[in-house]
Amino acid sequence: MATAEKRGDLEHVVFILVKSEKSRRQGKVYMDYNATTPLEPEVIQAMTEAMWEAWGNPSSPYSAGRKAKDIINAARESLAKMIGGKPQDIIFTSGGTESNNLVIHSVVKHFHANQTSKGHTGGHHSPVKGAKPHFITSSVEHDSIRLPLEHLVEEQVAAVTFVPVSKVSGQAEVDDILTAVRPTTRLVTIMLANNETGIVMPVPEISQRIKALNQERVAAGLPPILVHTDAAQALGKQRVDVEDLGVDFLTIVGHKFYGPRIGALYIRGLGEFTPLYPMLFGGGQERNFRPGTENTPMIAGLGKAAELVTQNCEAYEAHMRDVRDYLEERLEAEFGQKRIHLNSQFPGTQRLPNTCNFSIRGPRLQGHVVLAQCRVLMASVGAACHSDHGDQPSPVLLSYGVPFDVARNALRLSVGRSTTRAEVDLVVQDLKQAVAQLEDQA
């Protein structure tokens, strides 16, 4: 097929997909962008082009294979630019869950490699024989951090400290994290922004303090502590720079910033300064750290999504903050400040520009019940992976100190790049109608 004809077909495909998405949501307002985002048209086009033109195996020498390899390299560069890192420090993965598990797996493997290396590695003496690696994390992490760590504890492979978040700031406090450090501590993993409340964690301060502590540890013959952050919710909503954050690992999740459902992992000085141990073994792709024939179309889409974030992040952030603030103003105006409890507002604490977690006070207004009564709003009561918890309140909100009855009524509304004030008005009226109906049934 001629290139011009192919381009025309691609544009037609993108037009049909975008039109289909709009018609599918006709009469509805989607406010669950923290759960997942639709693909940007440019992302769909990049993926479709890759399917047409780069179908070859990226390890093959012929043109379709070389084209695929070029696309993968370009996407790696786009991701690195988005986070202020280096392309050689990016590894593609299937998504955030794999990236997070890969970090935890690598730290355990590195600990035991040091244990069996005659008592030292690079001048760092190993702890006593039989010791377990110690991890520090927060009480509000995503399940892809919490569950693998809990599994390691159950298997008696590692020790973990879950630091509670402050009920004043909503954050995992730096002093609490430093207090939890042990000689066997190997990793601090704190999410960059919470998926339910949008609270932004003090990751730069954590990294700075750990870096200073590491100097003392090295002098004492102890290995340094590594720092990881899951940046799934923050990317595309605020500027994310690995140099500012000071982290050793950073998790990237495509479907949170209008890309496809794959991900990547940033590793500072991969293989030189920061260890990474593969969980899979195969054909040697991704420098053997994550083997398997690369998913070129998905990687092409991820690269394009990252490119759009780099170009437009400030505009995205400003728009979402304006719409989110308007949403909270309208909620308080319609229901009254005493009746609306904004669960994610902590004075002096930064939060994502798009996230509004709130409760409407009332005995029959559990979050999932209110949502079931809504005709327009598409949203959630919290993390999508907890959608089967019924009327049980979110453990995350309880950790933040939200009272049980208030937490049970919680709704998480997360706006997107295209959400409008007019849609906010529709949603608030929809919530008013739902609440009125439920209270009439009392």
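Entry 1, R324. I began with the contacts of R324 in this predicted model. Leaving aside residues up to four places away in sequence, I found that R324 touches R351, L352, P353, N354, T355, C356 and V415. I then looked up where R324 sits: the residue belongs to helix α9, which spans residues 296–335. I next asked whether R324 is buried or exposed. Its relative accessibility is 3%, and because the limit for a buried residue is under 20%, I entered R324 as buried. Among the residues touched by R324 is T355, and I noted that the side chain of R324 reaches the backbone oxygen of T355 at 3.2 Å.

Entry 2, the sheet. I turned to the strands and traced an open sheet of 7 strands with mixed pairing, in the order β2-β10-β9-β8-β7-β5-β6. I asked which strands stand at the edges. They are β2 (90–93) and β6 (159–163); each has a single partner strand, so one side of each lacks a neighbour in the sheet. I recorded that neighbouring strands are turned by 20° against each other on average, direction ignored.

Entry 3, β8 and β9. I examined this pair within the sheet. Strand β8 (residues 226–230) and strand β9 (residues 249–253) run in the parallel sense and share 3 bridges. For D230, I located the bridge partner in β9 as T251.

Entry 4, helix α4. I checked what packs on the sheet and noted helix α4, residues 96–115. Helix α4 touches β2, β5 (134–138), β7 (185–189), β8, β9 and β10 (263–267). I entered about 160° for the angle between the direction of helix α4 and that of β9.

Methods:
Residues numbered from 1 in each chain as written. Predicted model: local features only at pLDDT ≥ 70, side-chain atom pairs only at ≥ 80, totals over all residues. Heavy atoms only, no water. Pairing = 2+ DSSP bridges. Axes fitted to C-alpha atoms, helices over the stretch in contact; angles between N-to-C directions. Contact = heavy atoms within 4.5 Å. Buried < 20%, exposed > 50% of the residue type's maximum accessible area, 1.4 Å probe, protein only. Polar contact = N/O pair within 3.5 Å; in protein donor to acceptor, adjacent residues only side chain to side chain.
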